[in-house]
Amino acid sequence: MTATGIGASVKRVEDFRFLTGQGNYTDDINRPNQTYAWILRSPHAHAKITSLDVSAAENAPGVVAIFTGKDMEADGVGSLPCGWQVNNKDDSPMAEPAHPPLVIDRVRHVGDQVAAVIAETKDQARQAAEMIAVEYEVLPVVTNMATAIQGGPQVHDDAPNNLCYDWHIGDKDATAAAFAKAAHVASIDIVNNRLIPNAMEPRAAIGDYDTATGDHTLFTTSQNPHVIRLLMGAFVLNIPEHKLRVVAPDVGGGFGSKIYHYAEEAIVTWAAKKIRRPIKWTAERSESFITDCHGRDHVTKAELALDKDGKFLALRVDTLANMGAYLSTFAPCVPTYLYATLLAGVYTTPQVYCEVKAVFTNTVPVDAYRGAGRPEASFLLERIVDRAARETGLSQVEIRQRNFIPNDAFPYQTPVALEYDSGDYGSTLDQALTAAEVDGFEARKADAAKQGKRRGIGYSTYIEACGIAPSAVVGSLGARAGLFESAEVRVHPTGSVTVFTGSHSHGQGHETTFSQLISDTLGIPMENVEIVHGDTGKVAFGMGTYGSRSLAVGGEAIMRATNRIIDKATKIAAHIMEAPEADIEFKDGKFTVSGTDKEMAFAEISLAAYVPHNFPHETLEPGLDETAFYDPANFTYPGGCHICEVEIDPETGVVDVINFSAVDDVGRVINPMIVEGQVHGGVAQGIGQALLEGCRYDENGQLITGSYMDYTMPRAGDLPSFKVGTHATLCTHNSLGVKGCGEVGAIGSPPAVINAIVDALWDLGVKDMSMPATPEKVWQAIQNAQ
Amino acid sequence: MEMTGEYRIPASIDAVWQALNDPDVLKQCIPGCDEIEKSSDTEFSAKVTAKVGPVKAKFSGAVTLSDIDPPNGYTISGEGTGGAAGFAKGGAKVALAEDGNETILTYDVNATVGGKLAQIGSRLIDSTSKKMANEFFGKFAEIVGEQSANDAPAPAEEPVVEAAANAIPAAPNAPAPADRPDMGDKKGLPPMVWVGGVIVLVLIALWAFQQ
């Protein structure tokens with residue numbers, strides 16, 4: 001291993017510019033003659049617009065133009081598209097109501113876009129928006145899913161009973177038969193709390209139209225600029241790809257919330273052509289709360305059948321999943337193919353049957369958020385396994401060990417479609433037990449008891465599917481896109497390299513990790529490598545970053561392109577050194593002829609490729625620039641064991657996370673420091689979900705957790721120093737053997753925290769704890785149990 | 001949001017009554033009040049402009065009065081809208097009681113808020129409403145108390161109105177005394193009291209909007 005090669009904890013090269021305020025974020029970009037947009041949003045969760053009068057606002061100082069949904073409709077602007085079609089049990093397609101960028105005559109959630117005001121300054125636009133006269137006829141509101149599907153107020157006329165789809169997976173009859181034979185059935189009701197993503201950088205978009213060329217440019221805070229170009233160009237604004245450039249420069253965090261094609265992107269792109277001037281829109285933080293897609297929000301009933309030895313026989317799950325008011329870009333796949341397919345977990349459960357009803361409500365749309373479906377699956381599974389252990393008298397460790405998929409069973413076909421390629425769940429658990437010093441827990445618990453505190457320990461042995469995704473598989477499941485990745489490796493004449501990747505970095509450290517791949521493979525210093533991403537004008541194509549796919553899919557594409565570079569360079573080297581190609585060896589950045597002292601540096605070959613005086617022109621073209629598209633053969637399956645130790649003050653209900661140990665199998669680790677950072681961030685978010693974060697609407701559909709005063713994000717003081725380790729089994733279907741690390745922390749941690757709380761309070765009679773486990777809720781549970 | 005309060009006003013119930021009928025007095029108590037209009041005996045509207053920092057917003061409040069039970073009180077309902085700041089709507093019971101030479105005003109407000117007002121202000125709305133109400137009624141009590149002291153020998157309608165007119169410039173839309181001759185004859189509290197209540201809500205909206 002070299003200092004900058006695979007396996008080295010190289011400090012992130014991008015951090016210098018981020019930490020010194022020199023990042024180039026969308027809001028840092030200003031175009032000549034730029035105007036500013038302010039979006040007038042609905043204060044009502046559900047209402048008909050009976051009149052919309054912009055005439056006074058149009059005469060306000062600085063106003064350039066005001067647009068409404070009717071203006072966009074008249075111009076043929078389409079609905080914001082959904083990228084995944086899930087079918088009902090009877091194979092009919094899901095309900096897919098229209099989602100106009102600006103509403104036509106009805107608002108469906110607080111924050112819905114009513115009008116766009118374009119002015120010379122942002123303040124002028126905002127003040128003019130105040131002068132728009134909107135009359136609303138308030139309609140009945142539904143926020144509760146159970147009410148929504150039982151004749152509650154209709155969010156969309158074309159989605160009867162607010163049902164988006166009624167879907168299932170698994171063998172219902174075989175599952176029922178297994179339950180009939182069960183020695184014990186554990187059951188649990190689970191609410192996976194709705195979360196509000198809070199990327200450090202709010203969303204922003206700049207639309208720019210070149211009147212000379214007719215080219216559109218959109219600068220936007222996106223995790224996948226090519227996807228935005230495709231969706232917005234083809235489905236919303238009817239702009240062909242060659243006339244539309246989408247740039248996602250430095251992006252300050254996404255966690256999924258910046259995957260989707262948002263209304264504001266379409267509005268500024270469309271309106272910029274109308275007014276022939278650039279338009280910038282930047283969300284205020286309070287707009288982010290009511291317009292960035294939310295995450296999670298499942299209500300589930302689950303049952304686990306066990307035999308007399310504690311072996312799992314079958315799992316039966318019934319879930320309601322909130323879609324919010326409209327279908328966001330990938331919303332339908334989250335509670336289905338990213339959720340129910342993971343319900344076997346790391347266990348040999350032979351039968352799994354899951355039904356999911358996706359429901360429209362008068363709330364902000366819900367889509368993928370760090371983990372997307374998999375946190376919901378692992379929370380359910382690890383909670384019910386915890387419950388089953390308590391009811392059958394098995395220890396938390398024993399019940400898991402009895403049911404783990406054994407190492408010799410891989411590749412392992414689950415009853416819910418997925419085939420796991422590798423894993424070593426027993427060793428991962430053992431390593432975590434050591435890290436968490438579980439042996440000393442009883443003594444620590446006794447010590448805490450002397451202080452009047454209650455200690456608990458909770459386990460989570462989770463799995464997830466990432467490296468998204470094999471295109472043919474997801475296509476058969478309703479994805480309306482391929483999920484490959486592309487890379488171009490361009491070697492310059494003097495041997496430095498620019499990599500153009502379709503993966504987008506918004507905090508993941510790609511500029512470091514990908515440079516390490518190149519440095520390691522080509523034997524050149526990392527500083528000779530530049531990673532370019534986030535610009536459809538530069539990168540040929542890309543599907544972007546989500547689902548922990550950048551290294552497993554994007555990195556593999558880079559490796560393939562790089563190997564093509566080496567193949568071609570080897571041919572050039574063979575020609576120049578007058579040796580058979582088979583005798584050329586490439587190592588540490590040098591081409592050598594085996595058995596001789598002839599050698600040429602990588603840069604000498606690259607120069608020869610661009611100054612081809614002595615060059616095999618008969619068989620090769622000049623230049624050294626290769627592109628690869630990589631479509632994975634399977635998902636990757638990171639997994640691991642998280643162990644959480646909490647101490648609860650029964651007098652106050654405050655839960656203190658004392659110890660958190662995570663041992664994750666993310667496959668081969670390219671940069672341990674980055675992996676550790678990703679796990680830290682994910683675990684912090686998971687603990688945030690478990691203890692602090694809870695999105696709440698009132699009965700009128702008003703978001704009452706709409707600021708940091710009411711929506712609690714985890715802070716350093718809420719968290720212990722994490723113990724993070726890895727135990728790698730290699731992915732079998734990519735050359736790097738990597739699995740992905742971006743989401744493991746958020747997927748594995750919430751059940752460990754809640755299981756620890758239940759462990760601390762079980763003997764008081766507290767059987768369950770919903771998230772977030774706030775002090776009030778914990779205290780109340782203790783009081784109720786006594 | 002629920003809010004209750006009680007204010008002791010150093011004036012007779014008649015003087016309070018008069019002042020509550022005086023748009024000029026109310027305007028003086030409500031910062032940024034542009035106009036108060038009476039559209040019928042039981043319907044009123046008010047407009048308030050406020051500017052804090054870079055943000056300026058215009059709020060409109062409309063109020064209707066019902067269940068009038070002179071002189072004990074009534075139920076009132078109203079709605080204040082503030083554009084992008086959202087809206088507040090609700091109802092309240094307001095009552096006056098005589099206590100020697102002074103008057104005790106009590107109110108009990110029940111309101112729902114929407115839009116940014118709910119999003120940002122839900123946690124702080126109770127304490128802030130209280131603060132806003134204190135400011136409003138504090139100013140009201142001060143003005144009425146002063147007038148009452150000045151006019152103590154002659155607690156008739158005309159001098160009170162004159163005093164108010166002297167205190168601040170008359171608003172263009174302020175109804176002349178002749179336009180509301182019957183107001184002073186009714187027993188019970190005039191709807192203007194609730195206009196004040198709605199304005200309090202509107203002020204909360206303003207406060208929340210600036211955050």
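**Exercise 1. A salt bridge between two strands**

A:R316 has a relative accessibility of 26% and therefore counts as partly exposed (buried means under 20% relative accessible area, exposed over 50%, and partly exposed in between, with a 1.4 Å probe and protein chains only). The model is predicted: local features need pLDDT of at least 70, side-chain atom pairs count only at pLDDT 80 or more, and totals for chains, interfaces and linings use all residues. Residues are numbered from 1 along each chain as its sequence is written, chains are lettered from A and ligands numbered from 1 in the order in which they are written, and side-chain values use heavy atoms, with hydrogens and water left out.

Task: With which residue does A:R316 form a salt bridge?

Solution.
1. A salt bridge is a side-chain nitrogen of Lys or Arg within 4 Å of a carboxyl oxygen of Asp or Glu.
2. The partner of A:R316 is A:E303, and the closest N and O atoms are 3.1 Å apart.
3. A:E303 is in strand β13 (residues 298-306) of chain A and A:R316 in strand β14 (residues 312-324) of chain A, so the pair ties together parts that are 13 residues apart in sequence. Helices (H or I, at least four residues) and strands (E, at least two) are DSSP runs, numbered from the N terminus.
4. A:E303 also counts as partly exposed, at 26% relative accessibility.

**Exercise 2. Other salt bridges**

Task: How many salt bridges does the structure hold over all chains?

Solution.
1. Side chains of opposite charge can pair when their charged atoms come close.
2. Over all chains, there are 47 salt bridges.
3. One of these pairs is A:E398 and A:R402, with an N to O distance of 2.7 Å. These residues are four apart in helix α11 (residues 396-403) of chain A and are thus separated by about one helical turn. A:E398 has a relative accessible area of 30% and is partly exposed; A:R402, at 33%, is partly exposed as well.
4. In chain B, the side chains of B:D99 and B:R8 meet in a salt bridge of 2.7 Å, N to O. This pair links distant parts of the chain, with B:D99 in strand β6 (residues 87-99) of chain B and B:R8 in strand β1 (residues 2-9) of chain B, 91 residues apart. B:D99 is partly exposed at 33%, and B:R8 is partly exposed at 46%.
5. Salt bridges also link A:R41, A:R203, A:E264, A:E287 and A:D292 in a network.

**Exercise 3. An open sheet**

Task: In what order do the three strands of the open sheet in chain A stand?

Solution.
1. Two strands pair if DSSP finds at least two bridges between them.
2. The order is β4-β2-β6 (chain A), with antiparallel pairing.
3. The edges are β4 (106-107) and β6 (133-138) of chain A; each has a single partner strand, so one side of each is left without a neighbour in the sheet.
4. Six bridges join β2 (residues 47-53) of chain A to β6(A) in the antiparallel sense. A:K48 has A:E137 in β6(A) as its bridge partner.

**Exercise 4. Nonpolar cores**

Task: Which residues have the most contacts inside the largest nonpolar core?

Solution.
1. A nonpolar core is a set of buried Ala, Val, Leu, Ile, Met, Phe, Trp, Tyr and Cys residues joined through side-chain atoms within 4.5 Å.
2. The largest core has 131 residues, and A:Y420, A:F660 and A:I757 have the most contacts inside it.
3. Helix α19 (residues 744-761) of chain A gives the most to this core, with ten residues.
4. Another core, of 45 residues, lies apart from it; among its members are A:I531, A:M577, A:F602 and A:L736.

**Exercise 5. Aromatic rings**

Task: How many aromatic pairs does a search of the whole structure find?

Solution.
1. Rings of Phe, Tyr and Trp (its six-membered ring) pair if their centres lie within 6.5 Å; planes under 30 degrees apart count as stacked, over 60 as edge-to-face and the rest as tilted.
2. The search finds 20 aromatic pairs over all chains.
3. For A:F484 and A:F629, the ring centres are 5.7 Å apart and the planes stand at 45°, so the pair is tilted.
4. A:F586 and A:F602 form a tilted pair, 6.1 Å centre to centre and with 45° between the planes. Both A:F586 and A:F602 are buried.
5. Ring pairs also join A:F312, A:Y347, A:F404, A:F410 and A:Y425 into a cluster.
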